[in-house]
Amino acid sequence: MTFQDIFKSSFLENVAAVSILDIVLTIALAFGIGLFIFFVYKKTYQGVMYSSSFGVTLIALTMITSQVILAVTSNVVLSLGMVGALSIVRFRTAIKEPLDIAFLFWSIAAGIILASGMIPLAVIGSVIIGLILLIFVNKKPHKNPYIVVLSCDNHDTETKAMNYLKENVERCVVKSKSAQRGLVEINMEIRMKNDNTDFVNELSAIEGVNSAILVSYNGEYMG
């Protein structure tokens, strides 16, 4: 063993495995794509409670993934060890919105493609995906659905109120109905003919109708 062998280290040999230019360029592009993903996520979010931390996570996830893949592509031995190391990682955070899963996969895929050197695919692909999401997610239906909560005294009042409602809305579908002595409560999904909601006032004025409530409804939550 010579004096040089004592200071010889495989760890130090990997220092120059990836050039500084590649590191800076990959991280800068990953940050830009991650920022674009965050912008699209913010513009297309339709949930109840917006989480800014999830948007920042998308940026960080793109950058972190690109660094991992950049290291893996520079060392075959490291790539085998990385598979075993990442296999023990478990995520316990529940994803409430189905679309959030698409954004997570988008961030990971963008980081992988970018660090693999396929920069045009990462940039152009992200732009196309972002435009498609902006168009289709933000596309509103022509007529928004509403929920009418109707409380009546008896069956005759229920029939009268239902007939009046069907005459003044475009579509009316019963979602649920509960009945007890002296009280009938019905939940109906409706499509209004226009933006005029005066029919709710007239509906509540029918004799025997205790209350009539109109609630905006998008199919997932009411608010």
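Trainee: Hi! Which side chain meets Glu189 in a salt bridge at 2.7 Å, N to O?

Mentor: That one is Arg191. Keep in mind that this is a predicted model.

Trainee: Got it. What other residue is linked with Glu189 and Arg191 in a network of salt bridges?

Mentor: Lys175 joins them, giving a network of Lys175, Glu189 and Arg191. The closest N and O atoms of Lys175 and Glu189 are 3.2 Å apart.

Trainee: Where do Lys175 and Glu189 lie?

Mentor: Lys175 is in strand β2, while Glu189 is in strand β3, residues 183–192. The two are 14 residues apart in sequence, so their salt bridge ties together separate parts.

Trainee: And is Glu189 buried or exposed?

Mentor: Buried. Its relative accessibility is 12%, and the cut-off for buried is under 20%.

Trainee: Okay, new topic. How many salt bridges are there by this rule?

Mentor: The count comes to three. One of them pairs Lys177 with Glu158, with 2.9 Å between the closest N and O atoms.

Trainee: Which elements does that pair link?

Mentor: Lys177 sits in strand β2, residues 169–180, and Glu158 in helix α8, residues 155–168. They are 19 residues apart, so this pair links distant parts of the chain.

Trainee: What about exposure: how does Lys177 count?

Mentor: Lys177 counts as partly exposed, because its relative accessibility is 48%. Its partner Glu158 has 10% relative accessibility and therefore counts as buried.

Trainee: Thanks, that helps!

Terms used: Residues numbered from 1 in each chain as written. Predicted model: local features only at pLDDT ≥ 70, side-chain atom pairs only at ≥ 80, totals over all residues. Heavy atoms only, no water. Salt bridge = Lys/Arg side-chain N within 4 Å of Asp/Glu carboxyl O. Helix = DSSP H or I, 4+ residues; strand = E, 2+ residues; numbered from the N terminus. Buried < 20%, exposed > 50% of the residue type's maximum accessible area, 1.4 Å probe, protein only.
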